[in-house]
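Keep the coordinates open while reading. We start with charged pairs, then turn to a hairpin, the nonpolar cores and the cysteines.

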Amino acid sequence: MESGKSTLAAWLHRLDAEHLEQVLAARPDAVSPPEPRSVSELAERLQRPGSVALALPRLPLPALQAAEALAALSAPASRNVLADLLDATEDEAARGLEAALQTLSTHALVWPDSEGTLRMAAPLRQAWDTPLGLDQPLATLLKDTTSEELRRMLTALGVRPPGTKPQRLATLVEHHSDPARIAAVVARAPADARKLLERRAEPAHRPQAFVTFGGQSVPEPGARWALERGLLVQGRYSYGPVRMPAEVALALRGSGWHAPFDPTPPVTLLVPVTPAEVDSEASAAATAFAAHAASVLSVCATAPPARLKSGGVGARELARIGKAARCEEAVVRLTLEAAHGAGLMARDGDRFATTDAYDTWAESEPAERLPVLLRAWWALGLTPSQARDEDNKALPTLAGTPSCAGCLQARQGLLAAASRLPAGHGAKNTAELGPLTHWSRPLAEVLPQDTTPFATVIREAELLGVLARGALSPIGAALLADGTEELAAACHRLLPDATATARFGGDLTAVVTGTPAARLVTLLDSVADRETSGTASVWRFSPASVRRALDAGRSPDSIEADLAAVAAGPLPQPLSYLITDTARSHGRIRIASAACVIHGKEPALLTEIAAHRKLSKLGLRHLAPTVLVSRTPLEKTLAALRTEGYAPMAEAADGTVRVERPRSHRVTAPVPPPRRAVSRPSMPSRTTAAPEQAELTALAARLAGAPLGRPDADPHNGVPFSTDTEEIIAGYATQVSHADVRQLAHAVDDGTAVTIEYVSTTGSRTIRTISGLELDPPYLYAWCHLRDAERVFTLSRIHGVMPPT
């Protein structure tokens with residue numbers, strides 16, 4: 001067991017408030033509500049396996065390499081030993097190692113004890129099955145070996161065995177820890193044993209499956225000689241694979257072998273770019289995306305996309321939305337996922353509809369719309385513009401596709417890589433940012449469809465204006481700094497205000513440069529058909545589009561007046577003539593719903609309709625010179641007449657003109673219902689919200705001034721409970737720490753979601769995110785998001801608690 005001076009809690013207690021704040025900022029999940037009350041509780045949270053798993057993907061390559069080397073050395077280890085293993089004893093490599101260790105300590109994954117020896121969080125060692133291709137150390141592999149077996153190994157080595165088993169094991173470990181002794185023993189080995197040992201010591205070696213006869217394994221040639229001397233180890237009674245202790249493998253690799261260590265980032269070809277050039281390109285891209293996003297969501301508001309039975313939005317719907325919004329499929333995917341993440345869209349039965357929040361968003365300026373989508377994109381655990389499966393679906397979050405931490409880290413790694421470029425320079429080719437991104441986030445996911453590393457993520461960043469001219473734009477810098485105010489300021493500076501006027505041409509078009517205002521879009525969409533959108537949007541007027549506005553109850557005078565109000569100049573005569581001519585023919589005939597009746601003031605026109613060959617299928621016949629009756633329902637009769645070029649008006653049952661306005665479908669964003677509700681609660685956010693900087697500063701000051709307390713402190717050792725719920729849970733959930741008890745009690749009392757590690761009656765371990773918790777000792781009732789149903793959990797079977805991630 002570690003001494004009190006070597007624990008993580010003791011190291012945290014030695015930090016001042018400034019360095020403690022850096023740790024809290026690097027590990028935000030550890031300070032999620034309720035806040036830790038002492039550094040001992042903070043240390044418990046930081047060493048949760050789930051918390052370490054969240055921190056690991058955020059490490060750059062040198063920090064990961066240093067951590068793997070420490071795991072291979074079976075930390076604790078000295079800095080000098082680690083530097084020798086990584087060949088980082090001089091100059092730039094030594095500075096790189098120091099920076100890597102600083103990164104690891106900032107994340108509270110590796111820390112120096114009071115004597116300067118490097119310690120490692122226990123869950124971090126478990127991240128590698130065979131770090132550097134090395135197995136467990138000799139002492140671990142031989143812990144179940146008998147004293148007599150140890151005596152025989154020492155005798156075979158020519159070492160006089162001590163009297164007790166611990167002494168014999170310590171003597172054997174000491175012998176094998178000297179590379180010179182190992183080399184001397186192997187030099188005297190038979191040829192087949194020497195070849196076997198050298199092959200097994202190679203970093204790329206992977207043990208092959210062993211063959212058993214009668215339940216025992218057949219060792220490779222030369223293995224018996226090595227087994228007799230502890231150079232290889234096998235399980236009791238010759239069961240299990242033959243394994244090589246880490247000390248032996250390192251000794252056989254020789255003093256010239258070093259673990260891989262890349263302290264410097266890969267070289268990127270650069271070109272000079274000015275801030276003005278970056279701003280100009282970022283502004284154009286961001287403006288275009290804001291306009292496209294508004295078009296995509298406007299289409300979805302009018303005609304909500306259908307949901308596939310397997311979940312998500314299918315390729316046909318993506319194509320329909322893209323065609324209507326006049327933008328490429330990647331932009332449609334990106335917009336849909338970001339809008340869903342921002343709460344602008346939600347599932348509504350078999351469709352995905354816009355929410356009430358969309359109406360507010362649509363009425364705002366482009367510089368206010370874009371940050372909403374940018375923050376959602378930044379937090380997405382997937383790559384939205386990339387098809388996720390063979391069905392080519394979008395909205396994989398709703399389709400059940402799990403969130404991918406590697407995708408999230410790819411996005412963050414890309415921006416971190418771009419931020420490393422020298423000021424006034426950008427990458428000559430954005431594809432060259434891929435290797436630099438891998439160096440910044442080596443655990444980030446590289447999509448198999450990408451022809452170059454991270455090509456899809458780079459393309460998304462360019463579409464959003466996050467990257468421009470191969471450099472990080474002000475928008476990207478604000479995202480990387482996680483600054484809400486900075487992001488808003490950058491968007492307001494780069495994005496122009498929405499355009500409230502249009503230029504009308506004699507060719508019956510309306511052109512709007514920049515992002516059109518919401519009211520202008522609504523007006524033009526109602527009376528014209530959109531042809532293009534982006535940095536400039538074009539609408540075209542036609543008899544059909546004008547008739548659509550007349551069908552919605554508009555008068556020709558009001559249409560012309562509204563268009564004149566938004567025109568940059570006088571309305572062209574062709575447009576006025578189109579409106580007047582369409583209005584003149586509109587409503588010359590009327591259709592009633594009496595299954596159905598067609599009537600008008602011109603007998604000749606009704607006679608023409610009745611004799612029309614293509615309308616014969618309607619079953620028309622004269623009731624009077626100005627009245628026809630149809631066997632076809634009103635809606636189909638109305639559509640057929642319009643197809644043939646007529647302009648009928650529909651009547652309500654009371655004889656008044658029926659106004660045809662398109663309905664905007666809205667859905668209320670889902671919220672978790674109370675316990676035992678029929679409907680399903682919404683899935684909690686997949687990213688832990690980072691605390692505000694002021695909150696971290698205050699918490700760091702409180703923890704830095706608080707007493708250390710006992711490392712194993714719990715309520716039964718004198719720490720008071722904050723609530724009755726904590727006391728009740730602590731009495732039943734005996735498998736979790738005090739920090740986990742507080743986290744679970746907070747979720748019960750505040751109605752928040754939480755993630756638990758649960759062991760079922762069969763002994764299987766699962767990770768469940770649960771919400772709507774209700775305590776009924778010894779049970780916990782909650783909605784399980786894994787099973788999409790209410791479940792009952794036994795408190796004593798909960799083995800870990802984490803905030804939802």
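R554 is partly exposed, with a relative accessible area of 24%. This is a predicted model, and the values here are computed from it. R554 has a charged partner: its side chain meets that of D562 in a salt bridge, 2.4 Å from N to O. D562 is also partly exposed, at 33% relative accessibility.

A second pair joins E531 and R540. Their side chains form a salt bridge at 2.7 Å, N to O. Relative accessibility is 30% for E531, which counts as partly exposed. R540 is partly exposed as well, with a relative accessible area of 33%.

Now go to helix 3. Are R45 and E41 buried or exposed there? R45 has 0% relative accessibility and counts as buried. E41 has 4% and also counts as buried. The cut-off for buried is under 20% relative accessible area, so both residues meet it. The two side chains form a salt bridge, with the closest N and O atoms 3.3 Å apart. Why does the sequence spacing suit a position along one helix? R45 and E41 are four residues apart in helix 3, residues 39–46, so about one helical turn separates them. The pair does not stand alone: E41, R45, E726 and R742 are linked in a network of salt bridges. Across the model, the count comes to 25 salt bridges.

Next, the hairpin. Strand 6 covers residues 345–348 and strand 7 covers residues 351–355. They pair in the antiparallel sense, over four bridges. One bridge can be placed by residue: A346 has A353 in strand 7 as its partner. Two residues lie between the strands in this hairpin. G349 sits in the turn and has a positive phi of about 70°. As background, side chains in a regular strand alternate between the two faces of the sheet.

Then the nonpolar cores. In soluble globular proteins, nonpolar side chains tend to be buried together. Which residues have the most contacts inside the largest core? They are L12 and L124, in a core of 85 residues. Helix 5, residues 61–72, gives this core its largest share, eight residues. L124 is worth selecting on screen. Leaving aside neighbours within four places in sequence, L124 is in contact with V52, L56, A67, L109 and V110. Another core lies apart from the largest one. This other core has 66 residues, among them V332, A427, I458 and L495.

Last, the cysteines. How many disulfides does the model contain? The count comes to zero. Take C300 as a case. The closest cysteine sulfur to that of C300 belongs to C327, and the gap is 9.7 Å. A disulfide needs the two sulfur atoms within 2.5 Å, so this separation is too far for a bond. Seen from the other side, C327 is in no disulfide, and its nearest cysteine sulfur is that of C300. C300 counts as buried, at 0% relative accessibility. C327 is buried too, with a relative accessible area of 13%.

Technical notes. Residues are numbered from 1 along each chain as its sequence is written. This is a predicted model: local features need pLDDT of at least 70, side-chain atom pairs count only at pLDDT 80 or more; totals for chains, interfaces and linings use all residues. Side-chain values use heavy atoms; hydrogens and water are left out. A salt bridge is a side-chain nitrogen of Lys or Arg within 4 Å of a carboxyl oxygen of Asp or Glu. Buried means under 20% relative accessible area, exposed over 50%, partly exposed in between (1.4 Å probe, protein chains only). Two strands pair if DSSP finds at least two bridges between them. A nonpolar core is a set of buried Ala, Val, Leu, Ile, Met, Phe, Trp, Tyr and Cys residues joined through side-chain atoms within 4.5 Å. Contact means heavy atoms within 4.5 Å.
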